[in-house]
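Visitor: Please choose one part of this structure, take me through it closely, and then follow the chain outward to whatever else deserves a careful look.

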Amino acid sequence: MPLRLRCLLSRHQQRLVHRLQRLHDTSPRTYLAVVGIAALTGAGVLMTPALIVLLAVADLGALGLSPAAWGVVQWFEAGVGLLAAGLTGVQARMRYRLPEGIRIGARAAPALHEEIERVRRHLRAAAVVSVHVDARPRVALVRQPHPLLPLLHRNRLLIGAPVLASHGPDHFRVALARALSEVSAHNLGLAAWLCRLRQSWVQYRAAIDRQRGGWLLARWMDLFAPFYSRITQPLLETAELQADRLACLVAEEEVVAETLCRDQLLSAFLEEYYWPRIHKSAERHPEPRFRPYAHLPLLIRRKLDRVRGLRWLRSAWHGDGSRSSPLFRRRLEALGLTEPVWVPTPDENAGERYLPPERLSAIHERLDVRWMEREREHWQLRWQTANQGRERMQRLGRQLAAGRLDARQALEYAALCRKHASREEARAAHETLLSLFPEDAGVLYGVGKYYVSIGDPHGVKLLELAMEKDARYVQNACSLIAEFVRRSGCRELVTEFVQQKLQARRQTG
(Lines give C-alpha, C1' and ligand atoms only; values in the text may rest on other atoms or scores of the structure.)
Protein backbone atom coordinates (compact mmCIF):
# COMPACT_ATOMS: atom_id res chain seq x y z
CA MET A 1 0.00 0.00 0.00
CA PRO A 2 1.46 3.42 -0.96
CA LEU A 3 2.60 5.59 1.94
CA ARG A 4 0.26 8.49 1.03
CA LEU A 5 -2.79 6.20 0.93
CA ARG A 6 -1.75 4.59 4.23
CA CYS A 7 -1.44 8.00 5.92
CA LEU A 8 -4.83 9.06 4.52
CA LEU A 9 -6.53 5.92 5.84
CA SER A 10 -4.81 6.39 9.19
CA ARG A 11 -6.13 9.96 9.52
CA HIS A 12 -9.67 8.88 8.63
CA GLN A 13 -9.45 6.00 11.10
CA GLN A 14 -8.28 8.33 13.89
CA ARG A 15 -11.21 10.67 13.27
CA LEU A 16 -13.64 7.75 13.35
CA VAL A 17 -12.08 6.44 16.58
CA HIS A 18 -12.39 9.84 18.29
CA ARG A 19 -16.02 10.13 17.25
CA LEU A 20 -16.86 6.67 18.56
CA GLN A 21 -15.06 7.32 21.84
CA ARG A 22 -17.02 10.55 22.32
CA LEU A 23 -20.20 8.60 21.49
CA HIS A 24 -19.53 6.44 24.56
CA ASP A 25 -20.17 9.49 26.78
CA THR A 26 -23.00 11.10 24.84
CA SER A 27 -25.00 8.03 23.77
CA PRO A 28 -23.82 4.77 25.42
CA ARG A 29 -26.44 2.56 23.78
CA THR A 30 -25.60 3.76 20.30
CA TYR A 31 -21.91 3.31 21.08
CA LEU A 32 -22.42 -0.31 22.16
CA ALA A 33 -24.53 -1.00 19.07
CA VAL A 34 -21.84 0.37 16.74
CA VAL A 35 -19.04 -1.53 18.49
CA GLY A 36 -21.18 -4.67 18.48
CA ILE A 37 -21.60 -4.38 14.71
CA ALA A 38 -17.82 -3.97 14.40
CA ALA A 39 -17.22 -7.09 16.50
CA LEU A 40 -19.67 -9.18 14.47
CA THR A 41 -18.08 -7.88 11.27
CA GLY A 42 -14.64 -9.01 12.46
CA ALA A 43 -15.95 -12.43 13.46
CA GLY A 44 -17.93 -12.71 10.22
CA VAL A 45 -14.87 -12.06 8.07
CA LEU A 46 -12.98 -14.84 9.83
CA MET A 47 -15.88 -17.30 9.58
CA THR A 48 -16.79 -16.45 5.96
CA PRO A 49 -14.25 -18.77 4.22
CA ALA A 50 -15.60 -21.87 5.99
CA LEU A 51 -19.20 -20.84 5.25
CA ILE A 52 -18.39 -20.29 1.57
CA VAL A 53 -16.87 -23.77 1.35
CA LEU A 54 -19.95 -25.34 2.92
CA LEU A 55 -22.35 -23.43 0.65
CA ALA A 56 -20.33 -24.19 -2.50
CA VAL A 57 -20.12 -27.90 -1.74
CA ALA A 58 -23.83 -28.06 -0.90
CA ASP A 59 -24.87 -26.14 -4.03
CA LEU A 60 -22.64 -28.01 -6.48
CA GLY A 61 -23.55 -31.33 -4.90
CA ALA A 62 -27.26 -30.58 -5.23
CA LEU A 63 -26.90 -30.12 -9.00
CA GLY A 64 -25.77 -33.68 -9.43
CA LEU A 65 -23.78 -32.77 -12.55
CA SER A 66 -20.29 -33.81 -13.50
CA PRO A 67 -17.69 -30.99 -13.89
CA ALA A 68 -17.84 -31.46 -17.65
CA ALA A 69 -21.43 -30.24 -17.61
CA TRP A 70 -20.78 -27.18 -15.46
CA GLY A 71 -21.52 -23.75 -16.78
CA VAL A 72 -19.72 -20.47 -16.16
CA VAL A 73 -21.60 -19.89 -12.92
CA GLN A 74 -20.67 -23.31 -11.54
CA TRP A 75 -16.98 -22.91 -12.44
CA PHE A 76 -16.91 -19.47 -10.84
CA GLU A 77 -18.56 -20.90 -7.71
CA ALA A 78 -16.02 -23.73 -7.64
CA GLY A 79 -13.11 -21.26 -7.97
CA VAL A 80 -14.39 -19.12 -5.12
CA GLY A 81 -14.90 -22.28 -3.09
CA LEU A 82 -11.29 -23.39 -3.72
CA LEU A 83 -9.96 -20.00 -2.65
CA ALA A 84 -12.10 -20.11 0.48
CA ALA A 85 -10.95 -23.69 1.13
CA GLY A 86 -7.34 -22.48 1.04
CA LEU A 87 -8.08 -19.78 3.60
CA THR A 88 -9.99 -22.27 5.73
CA GLY A 89 -7.02 -24.62 5.62
CA VAL A 90 -4.72 -21.83 6.78
CA GLN A 91 -7.07 -21.09 9.67
CA ALA A 92 -7.42 -24.76 10.60
CA ARG A 93 -3.60 -25.08 10.85
CA MET A 94 -3.33 -22.12 13.20
CA ARG A 95 -1.73 -22.87 16.55
CA TYR A 96 -1.45 -20.42 19.40
CA ARG A 97 1.76 -20.10 21.30
CA LEU A 98 1.68 -21.16 24.89
CA PRO A 99 2.25 -18.29 27.33
CA GLU A 100 5.89 -17.55 28.10
CA GLY A 101 5.76 -19.02 31.56
CA ILE A 102 6.28 -22.26 33.44
CA ARG A 103 3.29 -24.57 33.24
CA ILE A 104 2.12 -25.79 36.63
CA GLY A 105 0.05 -28.96 36.60
CA ALA A 106 -2.37 -30.15 39.26
CA ARG A 107 0.04 -32.88 40.43
CA ALA A 108 2.90 -30.40 40.91
CA ALA A 109 0.82 -27.89 42.89
CA PRO A 110 -2.46 -29.43 44.08
CA ALA A 111 -3.12 -26.66 46.64
CA LEU A 112 -2.82 -23.97 43.96
CA HIS A 113 -5.23 -25.75 41.60
CA GLU A 114 -7.68 -26.38 44.40
CA GLU A 115 -7.72 -22.67 45.24
CA ILE A 116 -8.20 -21.73 41.59
CA GLU A 117 -11.04 -24.22 41.23
CA ARG A 118 -12.64 -22.97 44.44
CA VAL A 119 -12.64 -19.38 43.22
CA ARG A 120 -13.79 -20.43 39.73
CA ARG A 121 -16.80 -22.30 41.08
CA HIS A 122 -17.68 -19.44 43.40
CA LEU A 123 -17.77 -17.04 40.44
CA ARG A 124 -19.32 -19.60 38.07
CA ALA A 125 -16.48 -18.89 35.66
CA ALA A 126 -15.50 -20.79 32.52
CA ALA A 127 -12.97 -23.60 32.76
CA VAL A 128 -9.22 -22.92 32.78
CA VAL A 129 -7.23 -25.37 30.65
CA SER A 130 -3.76 -24.57 32.04
CA VAL A 131 -1.94 -22.50 34.65
CA HIS A 132 1.41 -20.80 34.01
CA VAL A 133 3.78 -18.88 36.30
CA ASP A 134 5.73 -16.10 34.61
CA ALA A 135 7.81 -13.05 35.54
CA ARG A 136 5.22 -10.27 35.29
CA PRO A 137 3.68 -8.72 38.45
CA ARG A 138 0.01 -9.57 37.84
CA VAL A 139 -2.57 -12.35 37.61
CA ALA A 140 -4.27 -12.43 34.21
CA LEU A 141 -6.35 -14.60 31.92
CA VAL A 142 -5.30 -15.30 28.33
CA ARG A 143 -8.25 -16.17 26.08
CA GLN A 144 -7.27 -17.95 22.86
CA PRO A 145 -10.04 -18.08 20.21
CA HIS A 146 -10.87 -21.18 18.18
CA PRO A 147 -9.20 -20.95 14.71
CA LEU A 148 -12.46 -21.42 12.76
CA LEU A 149 -14.96 -20.20 15.38
CA PRO A 150 -13.36 -17.05 16.81
CA LEU A 151 -16.19 -16.48 19.29
CA LEU A 152 -15.23 -19.68 21.17
CA HIS A 153 -12.19 -19.58 23.46
CA ARG A 154 -9.79 -21.60 25.59
CA ASN A 155 -8.69 -19.91 28.81
CA ARG A 156 -5.19 -20.02 30.27
CA LEU A 157 -4.35 -18.46 33.63
CA LEU A 158 -1.09 -16.53 34.08
CA ILE A 159 0.25 -15.96 37.59
CA GLY A 160 3.20 -13.66 38.13
CA ALA A 161 5.99 -14.86 40.41
CA PRO A 162 6.21 -11.35 41.96
CA VAL A 163 2.54 -11.67 43.01
CA LEU A 164 3.26 -15.00 44.68
CA ALA A 165 6.16 -13.34 46.52
CA SER A 166 4.24 -10.23 47.58
CA HIS A 167 0.61 -11.17 48.22
CA GLY A 168 -0.74 -13.07 51.16
CA PRO A 169 -3.31 -15.85 50.59
CA ASP A 170 -6.30 -13.51 51.03
CA HIS A 171 -4.97 -10.91 48.60
CA PHE A 172 -3.94 -13.61 46.14
CA ARG A 173 -7.51 -14.98 46.21
CA VAL A 174 -8.79 -11.54 45.25
CA ALA A 175 -6.27 -11.33 42.40
CA LEU A 176 -7.50 -14.72 41.14
CA ALA A 177 -11.11 -13.58 41.38
CA ARG A 178 -10.40 -10.40 39.40
CA ALA A 179 -8.76 -12.42 36.61
CA LEU A 180 -11.46 -15.09 36.48
CA SER A 181 -14.26 -12.52 36.66
CA GLU A 182 -13.63 -11.85 32.97
CA VAL A 183 -15.27 -15.19 32.14
CA SER A 184 -17.71 -15.29 35.05
CA ALA A 185 -21.41 -15.98 34.58
CA HIS A 186 -21.99 -12.88 36.72
CA ASN A 187 -20.16 -10.76 34.15
CA LEU A 188 -22.57 -10.99 31.24
CA GLY A 189 -23.83 -8.24 28.99
CA LEU A 190 -22.88 -6.67 25.70
CA ALA A 191 -20.25 -4.30 27.11
CA ALA A 192 -18.40 -7.10 28.92
CA TRP A 193 -18.46 -9.32 25.83
CA LEU A 194 -17.15 -6.54 23.59
CA CYS A 195 -14.35 -5.78 26.03
CA ARG A 196 -13.31 -9.45 26.22
CA LEU A 197 -12.95 -9.59 22.43
CA ARG A 198 -10.10 -7.04 22.53
CA GLN A 199 -7.64 -9.74 23.49
CA SER A 200 -9.13 -12.27 21.05
CA TRP A 201 -8.27 -10.26 17.96
CA VAL A 202 -4.71 -9.68 19.15
CA GLN A 203 -4.26 -13.41 19.79
CA TYR A 204 -5.74 -14.23 16.39
CA ARG A 205 -3.47 -11.73 14.64
CA ALA A 206 -0.34 -13.20 16.23
CA ALA A 207 -1.33 -16.75 15.28
CA ILE A 208 -2.29 -16.04 11.66
CA ASP A 209 0.97 -14.17 11.07
CA ARG A 210 2.92 -17.40 11.60
CA GLN A 211 1.01 -19.32 8.91
CA ARG A 212 2.16 -19.50 5.32
CA GLY A 213 -0.53 -18.36 2.92
CA GLY A 214 -2.37 -16.34 5.54
CA TRP A 215 -1.25 -12.93 4.29
CA LEU A 216 -4.77 -11.92 3.21
CA LEU A 217 -6.26 -12.57 6.66
CA ALA A 218 -3.16 -11.07 8.28
CA ARG A 219 -3.60 -7.79 6.36
CA TRP A 220 -7.23 -7.65 7.45
CA MET A 221 -6.28 -8.20 11.08
CA ASP A 222 -3.56 -5.54 10.78
CA LEU A 223 -6.34 -3.04 10.15
CA PHE A 224 -9.09 -4.45 12.31
CA ALA A 225 -7.33 -5.47 15.57
CA PRO A 226 -5.76 -2.03 16.35
CA PHE A 227 -8.97 -0.26 15.29
CA TYR A 228 -11.09 -2.43 17.57
CA SER A 229 -8.70 -1.96 20.49
CA ARG A 230 -8.87 1.81 20.15
CA ILE A 231 -12.64 2.12 19.84
CA THR A 232 -13.19 -0.11 22.89
CA GLN A 233 -10.73 1.81 25.07
CA PRO A 234 -13.58 3.50 27.02
CA LEU A 235 -14.80 0.07 28.14
CA LEU A 236 -11.62 -0.72 30.08
CA GLU A 237 -12.41 1.38 33.13
CA THR A 238 -15.87 -0.18 33.40
CA ALA A 239 -14.28 -3.62 33.14
CA GLU A 240 -11.84 -2.83 35.97
CA LEU A 241 -14.61 -1.60 38.24
CA GLN A 242 -16.73 -4.64 37.41
CA ALA A 243 -13.80 -6.96 38.23
CA ASP A 244 -13.47 -5.27 41.63
CA ARG A 245 -17.18 -5.72 42.30
CA LEU A 246 -17.10 -9.41 41.41
CA ALA A 247 -14.01 -9.92 43.58
CA CYS A 248 -16.19 -8.82 46.49
CA LEU A 249 -18.08 -12.11 46.02
CA VAL A 250 -15.06 -14.05 47.35
CA ALA A 251 -13.70 -11.51 49.87
CA GLU A 252 -14.74 -8.50 51.94
CA GLU A 253 -14.59 -5.07 50.34
CA GLU A 254 -11.79 -4.13 52.73
CA VAL A 255 -9.66 -7.05 51.51
CA VAL A 256 -10.35 -6.14 47.86
CA ALA A 257 -9.25 -2.56 48.54
CA GLU A 258 -6.13 -3.82 50.30
CA THR A 259 -5.36 -5.99 47.26
CA LEU A 260 -5.56 -2.97 44.94
CA CYS A 261 -3.13 -1.13 47.21
CA ARG A 262 -0.90 -4.20 47.37
CA ASP A 263 -0.85 -4.39 43.57
CA GLN A 264 0.16 -0.73 43.40
CA LEU A 265 2.86 -1.20 46.04
CA LEU A 266 4.34 -4.19 44.19
CA SER A 267 4.38 -2.35 40.86
CA ALA A 268 6.03 0.75 42.37
CA PHE A 269 8.53 -1.32 44.35
CA LEU A 270 9.68 -3.18 41.25
CA GLU A 271 9.78 -0.16 38.92
CA GLU A 272 11.22 2.47 41.25
CA TYR A 273 13.35 0.49 43.68
CA TYR A 274 14.05 -3.15 42.87
CA TRP A 275 14.94 -3.28 39.17
CA PRO A 276 16.81 0.10 39.13
CA ARG A 277 19.11 -1.14 41.90
CA ILE A 278 19.72 -4.46 40.19
CA HIS A 279 20.56 -2.69 36.92
CA LYS A 280 22.74 -0.24 38.87
CA SER A 281 24.90 -3.16 39.96
CA ALA A 282 25.80 -3.68 36.28
CA GLU A 283 28.09 -0.66 36.69
CA ARG A 284 30.24 -2.65 39.14
CA HIS A 285 30.10 -6.23 37.83
CA PRO A 286 30.55 -7.41 34.22
CA GLU A 287 28.20 -10.40 34.75
CA PRO A 288 24.90 -10.69 36.64
CA ARG A 289 25.52 -12.02 40.15
CA PHE A 290 22.03 -11.64 41.56
CA ARG A 291 19.06 -13.98 41.45
CA PRO A 292 16.21 -11.50 41.23
CA TYR A 293 13.25 -13.86 41.49
CA ALA A 294 14.72 -16.15 44.15
CA HIS A 295 15.63 -13.15 46.35
CA LEU A 296 12.47 -11.13 45.69
CA PRO A 297 10.38 -12.42 48.66
CA LEU A 298 13.19 -11.61 51.12
CA LEU A 299 13.80 -8.15 49.65
CA ILE A 300 10.08 -7.33 49.73
CA ARG A 301 9.96 -8.14 53.45
CA ARG A 302 13.09 -6.09 54.20
CA LYS A 303 12.85 -3.09 51.88
CA LEU A 304 9.15 -2.41 51.31
CA ASP A 305 8.68 -0.21 54.38
CA ARG A 306 5.73 1.90 55.43
CA VAL A 307 7.22 5.34 54.68
CA ARG A 308 8.27 4.48 51.14
CA GLY A 309 5.07 2.54 50.48
CA LEU A 310 2.75 5.35 51.61
CA ARG A 311 4.62 7.79 49.39
CA TRP A 312 4.04 5.56 46.37
CA LEU A 313 0.39 5.03 47.26
CA ARG A 314 -0.27 8.75 47.65
CA SER A 315 1.47 9.44 44.36
CA ALA A 316 -0.78 6.91 42.61
CA TRP A 317 -3.83 8.33 44.40
CA HIS A 318 -3.18 11.88 43.19
CA GLY A 319 -2.03 10.76 39.75
CA ASP A 320 -0.39 13.29 37.43
CA GLY A 321 -2.32 16.28 38.72
CA SER A 322 -4.80 16.23 35.85
CA ARG A 323 -8.42 17.28 36.29
CA SER A 324 -9.78 13.76 36.20
CA SER A 325 -8.86 11.58 39.16
CA PRO A 326 -6.70 8.54 38.35
CA LEU A 327 -8.28 5.12 37.92
CA PHE A 328 -6.57 3.83 41.07
CA ARG A 329 -8.35 6.49 43.11
CA ARG A 330 -11.73 5.90 41.46
CA ARG A 331 -11.49 2.17 42.08
CA LEU A 332 -10.74 2.67 45.78
CA GLU A 333 -13.51 5.26 46.11
CA ALA A 334 -15.95 2.77 44.57
CA LEU A 335 -15.01 0.41 47.42
CA GLY A 336 -15.69 3.10 50.03
CA LEU A 337 -12.15 4.36 50.73
CA THR A 338 -11.28 8.05 51.01
CA GLU A 339 -7.51 7.47 50.91
CA PRO A 340 -5.14 4.59 50.15
CA VAL A 341 -4.23 2.22 52.96
CA TRP A 342 -0.86 0.78 53.89
CA VAL A 343 -0.78 -3.01 53.60
CA PRO A 344 2.09 -4.65 55.50
CA THR A 345 3.98 -7.56 53.98
CA PRO A 346 2.36 -10.85 55.10
CA ASP A 347 4.24 -13.39 57.19
CA GLU A 348 3.28 -16.10 54.69
CA ASN A 349 3.02 -15.27 51.00
CA ALA A 350 0.91 -17.06 48.41
CA GLY A 351 3.89 -18.90 46.93
CA GLU A 352 4.71 -20.46 50.29
CA ARG A 353 1.05 -21.37 50.88
CA TYR A 354 0.13 -22.89 47.52
CA LEU A 355 3.36 -24.28 46.05
CA PRO A 356 5.66 -26.99 47.47
CA PRO A 357 9.07 -25.53 48.47
CA GLU A 358 11.02 -27.57 45.92
CA ARG A 359 8.61 -26.59 43.13
CA LEU A 360 8.79 -22.90 44.08
CA SER A 361 12.60 -23.02 44.10
CA ALA A 362 12.62 -24.66 40.67
CA ILE A 363 10.32 -21.94 39.28
CA HIS A 364 12.56 -19.19 40.65
CA GLU A 365 15.64 -20.89 39.23
CA ARG A 366 14.16 -21.15 35.73
CA LEU A 367 12.95 -17.55 35.80
CA ASP A 368 16.39 -16.39 36.97
CA VAL A 369 18.15 -18.32 34.21
CA ARG A 370 15.85 -16.81 31.57
CA TRP A 371 16.39 -13.34 33.02
CA MET A 372 20.19 -13.74 32.95
CA GLU A 373 20.14 -14.94 29.35
CA ARG A 374 17.94 -12.02 28.34
CA GLU A 375 19.92 -9.42 30.28
CA ARG A 376 23.50 -10.52 29.66
CA GLU A 377 24.13 -8.44 26.54
CA HIS A 378 22.53 -5.28 27.96
CA TRP A 379 24.30 -5.89 31.26
CA GLN A 380 27.73 -5.94 29.63
CA LEU A 381 26.90 -2.82 27.65
CA ARG A 382 25.93 -0.96 30.84
CA TRP A 383 29.14 -2.14 32.50
CA GLN A 384 31.27 -0.90 29.60
CA THR A 385 29.45 2.44 29.56
CA ALA A 386 29.95 2.79 33.32
CA ASN A 387 33.67 2.06 32.96
CA GLN A 388 33.98 4.79 30.34
CA GLY A 389 32.07 7.17 32.60
CA ARG A 390 34.35 6.43 35.57
CA GLU A 391 37.44 7.02 33.46
CA ARG A 392 36.00 10.30 32.21
CA MET A 393 35.16 11.32 35.80
CA GLN A 394 38.71 10.64 36.97
CA ARG A 395 40.19 12.70 34.11
CA LEU A 396 37.87 15.64 34.81
CA GLY A 397 38.63 15.36 38.55
CA ARG A 398 42.33 15.72 37.92
CA GLN A 399 41.70 18.71 35.67
CA LEU A 400 39.43 20.27 38.30
CA ALA A 401 42.14 19.90 40.95
CA ALA A 402 44.55 21.64 38.57
CA GLY A 403 42.03 24.45 37.91
CA ARG A 404 41.68 23.73 34.20
CA LEU A 405 37.91 23.18 33.95
CA ASP A 406 35.32 25.63 32.70
CA ALA A 407 31.73 25.72 34.02
CA ARG A 408 30.37 23.29 31.39
CA GLN A 409 33.06 20.67 32.07
CA ALA A 410 32.63 21.12 35.83
CA LEU A 411 28.90 20.43 35.47
CA GLU A 412 29.72 17.28 33.52
CA TYR A 413 32.10 16.20 36.30
CA ALA A 414 29.42 16.76 38.94
CA ALA A 415 26.89 14.75 36.90
CA LEU A 416 29.36 11.87 36.59
CA CYS A 417 29.99 11.99 40.34
CA ARG A 418 26.26 11.69 40.95
CA LYS A 419 26.19 8.57 38.82
CA HIS A 420 29.45 6.80 39.68
CA ALA A 421 30.71 8.16 43.01
CA SER A 422 29.41 7.89 46.55
CA ARG A 423 26.79 10.29 47.87
CA GLU A 424 29.38 12.15 49.95
CA GLU A 425 31.72 12.52 46.98
CA ALA A 426 28.87 13.75 44.77
CA ARG A 427 27.86 16.38 47.32
CA ALA A 428 31.47 17.53 47.73
CA ALA A 429 31.79 17.85 43.95
CA HIS A 430 28.69 20.07 43.76
CA GLU A 431 29.89 22.22 46.66
CA THR A 432 33.24 22.67 44.92
CA LEU A 433 31.46 23.52 41.69
CA LEU A 434 29.37 26.18 43.44
CA SER A 435 32.39 27.72 45.12
CA LEU A 436 34.26 28.00 41.82
CA PHE A 437 31.37 29.44 39.76
CA PRO A 438 29.03 31.21 42.24
CA GLU A 439 27.59 33.59 39.64
CA ASP A 440 27.05 31.21 36.72
CA ALA A 441 23.31 30.65 36.11
CA GLY A 442 23.87 27.19 34.67
CA VAL A 443 25.89 26.13 37.71
CA LEU A 444 23.29 27.56 40.08
CA TYR A 445 20.56 25.65 38.27
CA GLY A 446 22.55 22.37 38.14
CA VAL A 447 23.56 22.47 41.81
CA GLY A 448 20.07 23.57 42.87
CA LYS A 449 18.55 20.70 40.91
CA TYR A 450 20.90 18.28 42.67
CA TYR A 451 20.09 19.66 46.12
CA VAL A 452 16.31 19.42 45.71
CA SER A 453 16.73 15.87 44.37
CA ILE A 454 18.33 14.82 47.68
CA GLY A 455 15.79 16.77 49.75
CA ASP A 456 17.97 19.77 50.67
CA PRO A 457 15.85 22.99 50.84
CA HIS A 458 18.92 25.08 49.97
CA GLY A 459 18.40 23.94 46.38
CA VAL A 460 15.22 26.05 46.17
CA LYS A 461 17.23 29.21 46.83
CA LEU A 462 19.79 28.28 44.19
CA LEU A 463 17.04 27.65 41.65
CA GLU A 464 15.56 31.03 42.52
CA LEU A 465 18.90 32.71 41.87
CA ALA A 466 19.27 30.85 38.57
CA MET A 467 15.85 32.12 37.44
CA GLU A 468 16.78 35.70 38.32
CA LYS A 469 20.03 35.52 36.35
CA ASP A 470 18.68 33.72 33.27
CA ALA A 471 15.02 33.55 32.24
CA ARG A 472 15.65 30.36 30.25
CA TYR A 473 15.67 28.39 33.51
CA VAL A 474 12.35 29.73 34.82
CA GLN A 475 10.06 26.96 33.53
CA ASN A 476 12.23 24.03 34.55
CA ALA A 477 13.18 25.58 37.90
CA CYS A 478 9.54 26.23 38.77
CA SER A 479 8.69 22.61 37.96
CA LEU A 480 11.51 21.39 40.21
CA ILE A 481 10.40 23.62 43.07
CA ALA A 482 6.78 22.49 42.71
CA GLU A 483 7.82 18.84 42.74
CA PHE A 484 10.03 19.47 45.78
CA VAL A 485 7.12 21.11 47.60
CA ARG A 486 4.78 18.24 46.73
CA ARG A 487 7.32 15.66 47.86
CA SER A 488 8.56 17.27 51.07
CA GLY A 489 5.82 19.75 52.01
CA CYS A 490 8.18 22.71 52.59
CA ARG A 491 5.55 25.26 51.58
CA GLU A 492 6.70 27.82 54.16
CA LEU A 493 10.18 27.95 52.66
CA VAL A 494 8.91 28.56 49.14
CA THR A 495 6.46 31.20 50.41
CA GLU A 496 9.36 32.98 52.06
CA PHE A 497 11.32 33.12 48.79
CA VAL A 498 8.25 34.30 46.87
CA GLN A 499 7.70 37.13 49.39
CA GLN A 500 11.36 38.10 49.16
CA LYS A 501 11.10 38.26 45.38
CA LEU A 502 7.96 40.43 45.51
CA GLN A 503 9.59 42.74 48.03
CA ALA A 504 12.66 43.09 45.82
CA ARG A 505 10.46 44.00 42.86
CA ARG A 506 8.69 46.72 44.89
CA GLN A 507 12.00 48.20 45.98
CA THR A 508 13.38 48.29 42.44
CA GLY A 509 10.07 49.68 41.19
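Guide: What follows begins with the sheet and then moves on to the helices.

This is a predicted model, in which local features need pLDDT of at least 70 and side-chain atom pairs count only at pLDDT 80 or more, while totals for chains, interfaces and linings use all residues. Residues are numbered from 1 along each chain as its sequence is written, and side-chain values use heavy atoms, with hydrogens and water left out.

Four strands make up an open sheet, in the order β1-β2-β4-β3 and with mixed pairing; the helices (H or I, at least four residues) and strands (E, at least two) are DSSP runs, numbered from the N terminus, and two strands pair if DSSP finds at least two bridges between them. Strands of a sheet pair through backbone hydrogen bonds, either parallel or antiparallel. The edges are β1 (102-103) and β3 (139-145), each of which pairs on one side only. From β1, two bridges lead to β2 (residues 130-134) in the antiparallel sense, and Ile-102 stands opposite Val-133 of β2. On to β4 the sense is parallel, with five bridges joining β2 to β4, and here Asp-134 stands opposite Gly-160 in β4.

The strand β2 repays attention, since five of its five residues are buried, where buried means under 20% relative accessible area, exposed over 50%, and partly exposed in between, with a 1.4 Å probe and protein chains only. In a regular strand the side chains alternate between the two faces of the sheet. For β2, Ser-130, His-132 and Asp-134 lie on one side and Val-131 and Val-133 on the other, and all of them are buried, so that both faces are covered. Helix α6 (residues 169-180) lies across β3 and β4 (153-160), running at about 25° to β3; such axes are lines fitted to C-alpha atoms, for helices over the stretch in contact, and the angles run from 0 to 180 degrees between N-to-C directions.

Three single residues come next. Ser-200, placed in helix α7 (residues 190-208), has a relative accessible area of 0% and is therefore buried; leaving out residues up to four places away in sequence, Ser-200 touches Arg-143, Pro-145 and His-153, contact being heavy atoms within 4.5 Å. Glu-115, in helix α4 (residues 110-123), is also buried, because its relative accessible area is 3%, and beyond its neighbours within four places in sequence it is in contact with Arg-173, Leu-176 and Tyr-354. Arg-124 sits in the loop between α4 and β2, where it has a positive phi of about 55° although it is not a glycine; its relative accessibility of 55% is why Arg-124 counts as exposed.

Farther along the chain, helix α10 (residues 253-280) and helix α12 (residues 306-318) have axes that come within 9 Å and cross at roughly 105°. That crossing makes α10 roughly perpendicular to α12, since angles under 35 degrees count as roughly parallel, over 145 as roughly antiparallel, 65 to 115 as roughly perpendicular and the rest as oblique. To this contact α10 brings Cys-261, Gln-264, Leu-265, Ala-268, Phe-269, Glu-272 and Tyr-273, and α12 brings Arg-308, Gly-309, Trp-312, Leu-313 and Ala-316. By class the contact of α10 with α12 has eight nonpolar, two polar and two charged residues, counting Ala, Val, Leu, Ile, Met, Phe, Trp, Tyr, Cys and Pro as nonpolar, Asp, Glu, Lys and Arg as charged, and the others, Gly among them, as polar.

The buried residues of α12 are Arg-308, Gly-309, Leu-310, Trp-312, Leu-313, Ala-316 and Trp-317, and their cover includes α10, α11 and α13 (327-334). The 13 residues of α12 should span 18 Å at 1.5 Å a residue, and this agrees with its end C-alpha atoms, which are 18 Å apart; the expected span is 1.5 Å times one less than the number of residues in the helix.

Last comes helix α11 (residues 292-303), whose axis and that of helix α15 (residues 357-401) come within 7 Å and cross at roughly 120°, which means that α11 is oblique to α15. Pro-292, Tyr-293, Ala-294 and Pro-297 of α11 make this contact with His-364, Leu-367, Asp-368 and Trp-371 of α15, and by class the contact of α11 with α15 has six nonpolar, one polar and one charged residues.
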